[in-house]
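Colleague: I have a few minutes before the centrifuge stops. Can you put the model up and take me through it?

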Amino acid sequence: MPTSWADSVSAAENLAAARPRSSYVPPHLRNKPPSTDPPAHASYAGPAASVQDQSGYGGPNVGGSRWSGPRNDFRSGYGGGGGRGSGGGWNNRTGGWDRGRDREANPFADDDAEPFVEPENSGINFDAYEDIPVETSGDNVPPPVNTFAEIDLGEAVNLNIRRCKYVKPTPVQKHAIPIALAGRDLMACAQTGSGKTAAFCFPIISGIMRGQFPRPPRPRVAFPLALILSPTRELSCQIHDEAKKFAYQTGVRVVVAYGGAPINQQLRELERGAHILVATPGRLVDLLERARVSLQMIRYLALDEADRMLDMGFEPQIRKIVQQMDMPPPGVRQTMLFSATFPKEIQRLALDFLSSYIFLAVGRVGSSTDLIVQRVEYVQETDKRSHLMDLLHAQRANGSHGKWNYQKLLVEILMTVVFNYQQALTLVFVETKKGADSLEHWLCMNGFPATAIHGDRTQQEREYALRSFKTGNTPILVATDVAARGLDIPHVAHVVNFDIPNDIDDYVHRIGRTGRAGKSGLATAFFNENNSSVARSLADLMQEANQEVPAWLSRYAARSSHGGSKNRRGGNRFGGRDFRKDSSFNRGGVTDYYGGANMSSGYGAPGGYAAPYGDTGVTSAWD
Ligand SMILES: Nc1ncnc2c1ncn2[C@@H]1O[C@H](COP(=O)(O)OP(=O)(O)OP(=O)(O)O)[C@@H](O)[C@H]1O
């Protein structure tokens with residue numbers, strides 16, 4: 001008898017291995033009554049409605065009209081049996097991608113070859129997340145879980161969780177997964193590196209596995225059931241890689257589409273069928289305009305880095321994709337927004353995309369994790385390069401010499417990283433593409449193995465640079481904000497903000513490339529007069545993360561708060577979480593949220609987004 005979740009997964013794995021091959025049940029047949037071989041989980045015998053039953057959630061918007069309306073139409077065409085005559089698509093045993101499932105490449109194969117692999121993916125300080133404050137708001141919030149065993153994700157997904165070496169869910173997973181499995185819309189804010197990708201992927205994969213959907217109506221057109229949008233090509237690729245691991249041998253097919261790469265190959269992949277499409281907005285709009293993708297069967301929409309996706313640069317494209325094509329409206333599809341930062345004006349804007357959503361904040365909205373040791377150095381513009389060189393020299397010598405010395409703590413962190421991983425990686429953020437090229441060149445000329453990534457490089461160059469950095473061949477990466485969000489590079493020990501961003505949220509995301517999954521990291525910022533507009537929010541952020549704030553920075557902060565900070569967060573950054581709790585929200589005319597009213601404000605409506613960021617310096621992260 002299994003005594004723990006790990007034991008039961010292990011037992012299930014043995015069982016799966018022992019089971020004869022012919023007993024494999026493809027996903028489109030899993031909800032059918034059992035023939036000779038009973039399903040592993042009784043709950044899998046039902047359609048999506050049984051998920052709600054399990055959760056205990058009985059809110060009006062889910063149990064009632066939300067699910068009984070157009071969503072039922074989704075399933076009504078299912079069950080016609082047989083494969084499709086031509087083309088790809090799921091539910092087709094003879095002609096579509098199902099044919100190739102046995103040949104599904106093992107996405108875990110590389111992990112075994114990974115030289116730095118750890119015995120379990122629990123992180124050095126994973127328990128550091130346990131005490132983190134969590135806030136949820138909205139109607140009938142489903143209760144959190146403590147273990148993966150409590151969540152019925154299905155046998156195949158459980159096996160993949162084990163293959164990922166995830167021992168227990170992270171706090172955002174504990175809360176977000178039950179909410180998503182209950183069919184609820186969600187706006188989730190949790191710190192960088194805290195496992196948000198799995199938090200939206202697991203429920204999507206599980207929902208597709210247990211759901212019943214009609215066959216795609218047209219050949220050569222992809223009709224994904226889930227769409228995951230992210231702001232950069234590299235992040236989309238990473239989410240695709242992760243999702244393929246989580247979906248391995250579930251029968252759920254994940255396809256990625258992003259700009260800068262040949263479209264023909266992506267079209268071929270799409271033709272073979274895509275349950276889950278991970279995409280950057282620009283390439284997706286292209287595919288939609290070519291009528292090679294239809295969104296009419298979308299059942300799940302996830303926006304990763306949602307605040308970035310809804311800010312000025314991306315908003316028109318997102319509106320086009322979500323509101324002006326053939327995607328089902330809020331309430332029919334399930335929408336999930338995730339980020340580490342959620343400015344209130346973006347929360348307000350997001351109302352247009354959500355239906356009676358739950359707001360989840362793990363830690364304070366927009367805060368950084370205190371696993372990252374943050375240092376701010378006063379460095380004049382002209383001295384930045386030599387200062388960086390000192391810093392890199394000190395790092396190369398494991399912190400043991402050099403005029404730059406961050407005392408004992410720094411040495412400890414670097415030594416830990418060096419001893420644990422042999423190869424500590426350093427990510428240096430600059431503001432402009434030209435600046436990235438020039439700093440990369442200068443570092444190389446001075447004997448430091450550096451490469452660069454920014455929006456003016458070809459996709460091939462970008463991918464090469466990232467690969468070379470990840471593998472440790474080039475342990476210094478100079479980057480613009482194109483690498484600021486979402487990228488999960490395991491051995492980044494040090495993030496240097498050579499140029500401090502104008503937007504404190506960008507700073508939060510940049511430093512979040514280290515100190516991930518419970519491990520500690522170091523972030524150094526070069527501050528000077530040019531950054532005074534961000535002094536206040538930087539000092540507040542550091543204080544909140546229990547970091548030492550230099551006295552000179554506090555003086556800058558005091559000065560900038562008198563003069564009025566240009567930073568978009570202004571005074572309310574640390575004030576609240578769910579903006580629906582603000583009195584100004586209720587005064588804005590959208591008063592009836594908790595009564596279940598339709599919140600959609602539309603363009604120019606009183607509750608809509610009227611306050612663009614102003615000069616945010618977001619020049620290089622668009623894909
Ligand atoms: N339950 C878990 N146990 C152990 N490790 C986990 C768990 N969930 C996720 N991870 C690992 O944590 C790391 C960070 O996860 P992820 O990239 O999803 O973070 P994130 O919250 O999306 O970060 P960001 O805000 O930077 O996008 C990844 O390496 C992932 O494999």
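Modeller: Here are the sheets, the ligand site and a few residues, taken in turn.

Colleague: What kind of model is this?

Modeller: This is a predicted model.

Colleague: Start with the sheet that has β1 in it. What is the strand order, and is the pairing mixed?

Modeller: The order is β1-β8-β2-β7-β6-β3-β5-β4, in an open sheet of eight strands, and the pairing is mixed. At the edges are β1, residues 134-137, and β4, residues 254-257, each of which pairs on one side only. On average, neighbouring strands in this sheet are turned by 15° against each other, direction ignored.

Colleague: How do β1 and β8 pair, parallel or antiparallel?

Modeller: Antiparallel, over four bridges, with β8 covering residues 358-362. S137 has F359 in β8 as its bridge partner.

Colleague: Stay on F359. Is it buried or exposed?

Modeller: F359, which is found in strand β8, counts as buried because it has 25 C-beta neighbours inside 10 Å, and the cut-off for buried is 20 or more.

Colleague: Which residues does F359 contact, apart from its neighbours in sequence?

Modeller: Leaving aside those within four places in sequence, F359 is in contact with T136, S137, G138, M187, R577 and D578. L270 is another matter: 89 residues away along the chain from F359, with 33 Å between the two C-alpha atoms.

Colleague: And L186, where is that?

Modeller: L186 is in strand β2. L186 counts as buried too, because 25 C-beta neighbours lie inside 10 Å of it. Beyond four places in sequence, its contacts are A176, I179, A180, M336, L337, Y357, I358 and L360. The C-alpha atoms of L186 and I263 are separated by 32 Å, with the two residues 77 apart along the chain.

Colleague: Which strands does helix α8 lie across?

Modeller: Helix α8, residues 171-181, lies across β1, β2, β7 and β8. It runs at about 170° to β8.

Colleague: Change of topic: the ligand. Which residues are closest to it?

Modeller: The closest are Y166, G195, K196, T197 and A517, out of 20 residues that surround the ligand.

Colleague: Which helix gives the largest share of that shell?

Modeller: Helix α9, residues 196-210, with three residues.

Colleague: How many of the shell residues are charged?

Modeller: Three are charged, eleven are polar and six are nonpolar.

Colleague: What does UniProt list for residues 146-174?

Modeller: An unreviewed UniProt entry lists that span as "short sequence motif: Q motif". UniProt also lists residues 146-174 as "domain: DEAD-box RNA helicase Q", again from an unreviewed entry. In the model the span is 45% helix and 0% strand, and its end C-alpha atoms lie 6 Å apart.

Colleague: Which residues does the record give for "Helicase ATP-binding"?

Modeller: The unreviewed UniProt entry lists residues 177-360 for that domain. Over that stretch the chain is 39% helix and 17% strand, with 11 Å between the end C-alpha atoms.

Colleague: Now the sheet with β9 in it. What is the order there?

Modeller: β9-β14-β13-β10-β12-β11, an open sheet of six strands with parallel pairing. Its edge strands are β9, residues 372-378, and β11, residues 450-453, each pairing on one side only. The twist averages 20° from one strand to the next.

Colleague: How many bridges hold β9 to β14?

Modeller: Seven, in the parallel sense, with β14 at residues 521-527. Y378 has F527 in β14 as its bridge partner.

Colleague: Which helix lies across β9, β10, β13 and β14?

Modeller: Helix α20, residues 504-511, running at about 155° to β13.

Colleague: Is β10 mostly covered or not?

Modeller: Mostly covered, with five of its five residues buried. L425, L427 and F429 are on one side, T426 and V428 are on the other, and they are all buried.

Colleague: Why do the residues split between two sides like that?

Modeller: Because side chains in a regular strand alternate between the two faces of the sheet.

Colleague: Last one. What does β10 pair with, and where does V428 fit in?

Modeller: β10 runs parallel to β13, joined by five bridges, and V428 stands opposite V496 in β13. β10 is also parallel to strand β12, residues 476-479, over four bridges. There the bridge partner of V428 is V478.

Technical notes:
Residues are numbered from 1 along each chain as its sequence is written. This is a predicted model: local features need pLDDT of at least 70, side-chain atom pairs count only at pLDDT 80 or more; totals for chains, interfaces and linings use all residues. Two strands pair if DSSP finds at least two bridges between them. Helices (H or I, at least four residues) and strands (E, at least two) are DSSP runs, numbered from the N terminus. Axes are lines fitted to C-alpha atoms, for helices over the stretch in contact, and angles run from 0 to 180 degrees between N-to-C directions. Two residues are in contact if their C-beta atoms, placed from the backbone, lie within 7 Å. A residue is near a molecule or strand if its C-beta atom, placed from the backbone, lies within 6 Å of it. Ala, Val, Leu, Ile, Met, Phe, Trp, Tyr, Cys and Pro count as nonpolar, Asp, Glu, Lys and Arg as charged, and the others, Gly among them, as polar. UniProt positions are given in the numbering used here, feature names are shortened, and annotations may be inferred rather than shown by experiment. A residue is buried if 20 or more other C-beta atoms lie within 10 Å of its own, exposed if 12 or fewer, and partly exposed in between; C-beta atoms are placed from the backbone.
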